Amino acid sequence: MPIKAIKEFFRNFTELPKALRQSVVRHDKPTSDRARSQIIFGNIFLHILSTRTHRYSLKKTFTLGLGVMAVSSFIILLVTGILLMIYYKPSVEMAYDSIKDIHFVVPGGRFIRNVHRWATNVMIVTVFLHMARVFYTAAYKKGRAFNWVLGIILLVLTLLLGFTGYLLPWDQLAYWAITIATNIAASTRELTDVLNMTSYCDPGGFIKVLLLGSEHIGEEALIRFYWLHCIILPLALIVVLAVHLWRIRKDGGLARPDKLTEKELEGTPKDALSDKVFDYAPEKTYGLMCLVKGKSPAVSRGPEQTVSSWPHLVVRLMAVFMMTYAFICLYAFFFNAPLKELANPSVPENPAKAPWYFLGLQELVSYSAFMGGVGIPTLALLGLAFIPYLDRENQEIGRWFDSKEGKRAALFSFIFASLMTIGMLALTVKLGWLRNWFPHIPQIVITFINPGTILVLAFIIWSFYWMGKDNSTRMAALALFTCFLVAFVILTYFAIYHRGPNWEFYWLKSQWPTH
Amino acid sequence: MSPSAEKGLACKPNIGLNKKISRRDFLELSAVWACATAWVLTVIGLLKFPKPALLPDISNKFKIGKPEDFPVGSAKILADKNTVIFRDEEGLFALSLVCTHLGCIVSKTSEGFSCPCHGSKYDKKGNVVKGPAPRALDWFEISQLPSGKLVVDAGKRVPVGKKYTV
């Protein structure tokens with residue numbers, strides 16, 4: 001009689017749920033430090049975190065959770081975007097109607113589209129703020145230079161995702177924003193026309209045709225933007241993001257000062273091992289010490305000040321995600337994503353405004369298409385990307401504005417840039433620019449001498465002034481970064497609220513002429 | 001790697017700095033570079049794929065009717081072509097209504113043309129008077145078919161002021 005096998009079968013059968021669970025989750029309940037570590041390194045998604053996290057990295061006022069907010073909104077964008085793809089039809093005849101269907105017919109469609117739209121804004125804002133946080137805490141130093149470059153690439157990818165998504169509804173807003181943007185790409189002609197070489201060397205025109213698949217915005221353009229928005233750019237962003245996050249670990253976690261006072265760690269969690277001083281070398285390790293950069297494990301060096309990532313870090317990540325999620329959902333519940341009339345290629349919107357995150361550039365573009373749309377942004381992005389290579393000063397990292405001197409440089413630059421930018425805008429609005437004074441002035445002069453280029457020049461001079469004054473490249477970088485950030489914010493604000501029909505200046509939207 | 005840099009390492013790096021390359025290393029390097037070259041060439045080849053070999057746009061040429069349809073002093077706007085046809089004592093001329101700044105459609109005013117997007121203004125001949133537009137509005141070539149019908153070629157620019165005498 002095969003009694004033994006039958007018994008065993010029934011036992012296995014009753015223990016099936018337990019065995020199944022143990023085969024998936026291969027660690028005990030998180031009651032010991034070992035099990036808590038296992039949760040982290042035994043999970044493919046969590047093991048991008050280290051098993052123990054420094055207390056300073058969990059300090060709320062240090063990171064403000066900005067990077068996590070950006071990733072959270074990206075996850076929300078992925079999910080809602082994939083859902084929207086079910087109903088969206090990328091064709092000139094059907095795109096607009098399919099968006100209307102999503103808005104009015106599809107159950108929950110309006111909400112999903114709203115979430116997708118507003119999550120974009122949250123992502124862009126948090127990406128910018130995250131960049132500012134990393135810059136102002138000097139977190140691009142000490143081996144983190146390339147991760148900063150990856151961050152700049154992620155910023156560009158984020159903006160491109162926003163931009164390509166803008167065309168898809170095929171409404172007036174979309175059509176004219178993309179017309180302006182693709183003509184900005186082609187604005188290198190402003191330069192090549194003067195040199196009389198446009199007919200055989202037209203890089204901007206080439207990019208425009210590559211983007212649009214045509215000279216004009218039509219079916220080809222829509223399908224290309226759809227392709228970029230749904231496949232190429234998200235894929236690129238996910239790959240770069242993975243490397244970005246992985247490198248945080250490889251670079252030794254978030255930036256933090258070498259010496260921390262107890263006051264600076266106030267309000268951060270603590271566990272039994274946080275204050276432990278390891279005064280013995282481990283008996284057995286699997287370290288690859290000859291390949292790893294930085295210092296070896298602490299032996300007789302004072303407390304490590306770390307806490308177990310499970311639960312301290314994971315709970316905080318989840319909290320930031322839930323906050324972002326709740327905020328976007330609430331916003332999407334009360335405010336609808338805009339949808340104008342069907343695209344009409346012979347009647348432009350007036351004013352035709354790009355998405356808000358490009359409006360600072362659009363203000364610059366209204367002085368010179370090439371400088372405002374290609375020259376200055378390229379310069380700014382390259383400048384940003386090379387900051388860690390041009391400023392390699394050895395200093396304490398991980399503190400907002402470094403020191404008293406840093407705070408002063410940032411504050412003075414803030415005041416300087418605000419005055420310069422507002423002054424320049426007032427001057428331009430009140431008096432106009434070169435062409436109003438000298439009607440026959442050649443275009444090339446305006447291309448190189450306009451309010452935008454003068455601002456940039458002033459900022460560069462200001463930055464060199466600080467470099468000399470404090471004899472420090474970091475202070476020069478602080479000054480320059482602050483100037484660009486302030487100018488970007490003011491220009492964006494100005495173009496959103498004070499530019500009306502025909503790009504004229506208005507104090508209030510209610511003063512716009514009605515037609 | 002310099003000897004001083006090697007000193008700081010617990011394990012000696014296993015990279016020889018032989019001036020002479022062995023046959024095995026040479027073959028290995030050749031294989032690696034052959035792969036790299038193949039990939040780079042593939043990518044360059046694939047990049048040609050998204051560049052449209054043939055633009056899907058409709059022809060730039062369009063018929064606008066006979067000269068008699070355009071009485072002296074008239075200005076006819078062809079909205080679907082974003083073009084305006086003028087006729088004066090000297091002849092006919094066709095102006096593009098696409099702003100040379102960033103491609104918005106200009107509207108005709110009593111003094112000339114104005115663009116809604118960034119406030120560029122042009123005079124009646126399309127010359128820039130104000131705003132960020134880098135050059136005058138395009139003047140298109142006009143020709144006449146044997147049948148007497150006029151044809152505008154929006155793909156061919158003529159110098160500002162060159163009118164078609166009928």
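**Close-up views of a predicted model**

**View 1. The hairpin of strands S9 and S10 in chain B.** Strand S9 (residues 139–144) of chain B pairs with S10(B) in the antiparallel sense, and six bridges join the two strands. This view, like the others, is taken from a predicted model. Among the pairs in register here, B:Ser143 has B:Val151 of S10(B) as its bridge partner. S9(B) and S10(B) together form a hairpin in which five residues lie between the strands, and in the turn B:Gly148 adopts a positive phi of about 95°.

**View 2. The open sheet of chain B and its edge strands.** Six strands of chain B, in the order S1-S10-S9-S4-S3-S2, form an open sheet whose pairing is antiparallel. Strand S1 (61–65) and strand S2 (75–78) of chain B are the edge strands, each of them pairing on one side only, and from one strand to the next the twist averages 30°. At one edge, S1(B) pairs with strand S10 (residues 150–158) of chain B over four bridges in the antiparallel sense, and B:Phe62 finds its bridge partner in B:Val152 of S10(B). At the other edge, S2(B) pairs with strand S3 (residues 83–88) of chain B, again in the antiparallel sense and over four bridges, with B:Thr83 in S3(B) as the bridge partner of B:Leu78.

**View 3. The packing of helices H6 and H7 in chain A.** Helix H6 (residues 95–104) of chain A packs against helix H7 (residues 109–136) of chain A at an angle of about 110°, and the axes of the two helices are 5 Å apart. H6(A) is therefore roughly perpendicular to H7(A). On the side of H6(A), the residues that meet H7(A) are A:Ile99, A:Ile102 and A:His103, and their counterparts in H7(A) are A:Gly109, A:Arg110 and A:Arg113. By character, the residues of this contact between H6(A) and H7(A) comprise two nonpolar, two polar and two charged.

**View 4. The interface between the two assigned domains of chain A.** The domain assignment divides chain A into domain 1 (65–253 + 310–349) and domain 2 (362–515), and the centres of these domains, taken over C-alpha atoms, are separated by 24 Å. In the interface, 26 residues of domain 1 of chain A are in contact with 35 residues of domain 2 of chain A. The area buried between the two domains of chain A is about 2700 Å², with 73% of it given by carbon and sulfur atoms. A:Phe135, A:Tyr136 and A:Glu190 supply 26% of the area that domain 1 of chain A buries against domain 2 of chain A, which is more than any other three residues.

Definitions and conventions. Residues are numbered from 1 along each chain as its sequence is written. Chains are lettered from A and ligands numbered from 1 in the order in which they are written. This is a predicted model: local features need pLDDT of at least 70, side-chain atom pairs count only at pLDDT 80 or more; totals for chains, interfaces and linings use all residues. Side-chain values use heavy atoms; hydrogens and water are left out. Axes are lines fitted to C-alpha atoms, for helices over the stretch in contact, and angles run from 0 to 180 degrees between N-to-C directions. Angles under 35 degrees count as roughly parallel, over 145 as roughly antiparallel, 65 to 115 as roughly perpendicular and the rest as oblique. Contact means heavy atoms within 4.5 Å. Ala, Val, Leu, Ile, Met, Phe, Trp, Tyr, Cys and Pro count as nonpolar, Asp, Glu, Lys and Arg as charged, and the others, Gly among them, as polar. Two strands pair if DSSP finds at least two bridges between them. Domain bounds come from an automatic or database domain assignment. Buried area is the accessible area (1.4 Å probe) that two parts lose on being put together, summed over both.
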